[in-house]
Amino acid sequence: MSHDAARLDHAVAWLLDALDQGAQWLAIDGLGASGKSTLADRVLAAAPQPPIGRGLALVHLDDFTRPGTVGWERDRFREQVVDPLRAGTTARYQRWHWTSDEPGDWVEIPAASAVLVEGIGATEPPEGVAWDRLVWLAAAPSVRTRRAEQRDPGRFGCWSSTWRPIEDEWFVRAQPWRIADLVWVAN
């Protein structure tokens, strides 16, 4: 097992331990192509689901992002996800396709579920929401560029010319890694 894979396994175990301890809100943040979705998918796959566990729902902040905007729709997230779950009811939110600027399908999160949020800007939750655990993922710019080119070959130009400068400015201004409970640097 590589050193990077062992650290990824540690991050997965650390987040799963939080679920075992009753955590309701977990978050993963990092710049584009830093590995947020990979870590989130690994945690979701390893989390016990009902009837064994209480369930873990994965929410991608891309579903709360619209073209031409900086950041994500925190108010909509609170209204459609946080408020219903806090009230003990099923949450229901509509995904937004940020690349085509169109509404997508509706997603339901069962009332008793814990929530894993992944996306750029997760370190800045909606007002009145505190994550139980927060992971910051970092990767060298060359690693992120390679991953982005592989992941989005037809849209890489948009990422490099539009989103990356916005992310870089936010990173310098907000210094999000400073508030993370766990910082993981990928190779």
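Hi everyone, this is a short talk about one loop residue and some salt bridges in the structure above. Please keep in mind that we are looking at a predicted model.

Let's start with Thr123. Where does Thr123 lie? You can find Thr123 in the loop that runs between strand 5 (114-118) and strand 6 (133-139). Is Thr123 buried or exposed? Its relative accessibility is 6%, so Thr123 counts as buried, since the cut-off for buried is under 20%. And which residues is Thr123 in contact with, if we leave aside its neighbours within four places in sequence? Those are Asp29, Leu134, Trp136, Trp170, Pro176 and Ile179.

Now let's move one residue along, to Glu124. Glu124 makes a salt bridge with Arg74, and the closest N and O atoms of the two are 3.3 Å apart. Glu124 sits in the loop between strand 5 and strand 6, while Arg74 belongs to helix 3 (residues 74-86), so this pair ties together parts that are 50 residues apart in sequence. Both partners are partly exposed: Glu124 has 28% relative accessibility, and Arg74 has 21%.

Here is a general thought to go with that. Side chains of opposite charge can pair when their charged atoms come close.

How many salt bridges does the count come to? The answer is ten. Let me show you another one of them. Asp17 pairs with Arg133 in a salt bridge, with 3.7 Å between the closest N and O atoms. This pair links distant parts of the chain, because Asp17 is in helix 1 (residues 3-20) and Arg133 is in strand 6, 116 residues apart. The two ends differ in how they are classed: Asp17 is partly exposed at 33% relative accessibility, whereas Arg133 is buried at 15%.

Next, have a look at Arg76 and Glu73. Their side chains meet in a salt bridge, at 2.9 Å from N to O. Arg76 counts as buried, with 13% relative accessibility. Glu73, on the other hand, is partly exposed, and its relative accessible area is 23%.

So far I have shown you pairs. Which residues are joined into one network by salt bridges that share partners? They are Asp63, Arg95 and Asp105.

To wrap up, let me go back to the loop between strand 5 and strand 6. Thr123 is there, buried at 6% relative accessibility, and Glu124 is there too, tied by its salt bridge to Arg74 in helix 3. Thanks for listening!

Note on methods: Residues are numbered from 1 along each chain as its sequence is written. This is a predicted model: local features need pLDDT of at least 70, side-chain atom pairs count only at pLDDT 80 or more; totals for chains, interfaces and linings use all residues. Side-chain values use heavy atoms; hydrogens and water are left out. Helices (H or I, at least four residues) and strands (E, at least two) are DSSP runs, numbered from the N terminus. Buried means under 20% relative accessible area, exposed over 50%, partly exposed in between (1.4 Å probe, protein chains only). Contact means heavy atoms within 4.5 Å. A salt bridge is a side-chain nitrogen of Lys or Arg within 4 Å of a carboxyl oxygen of Asp or Glu.
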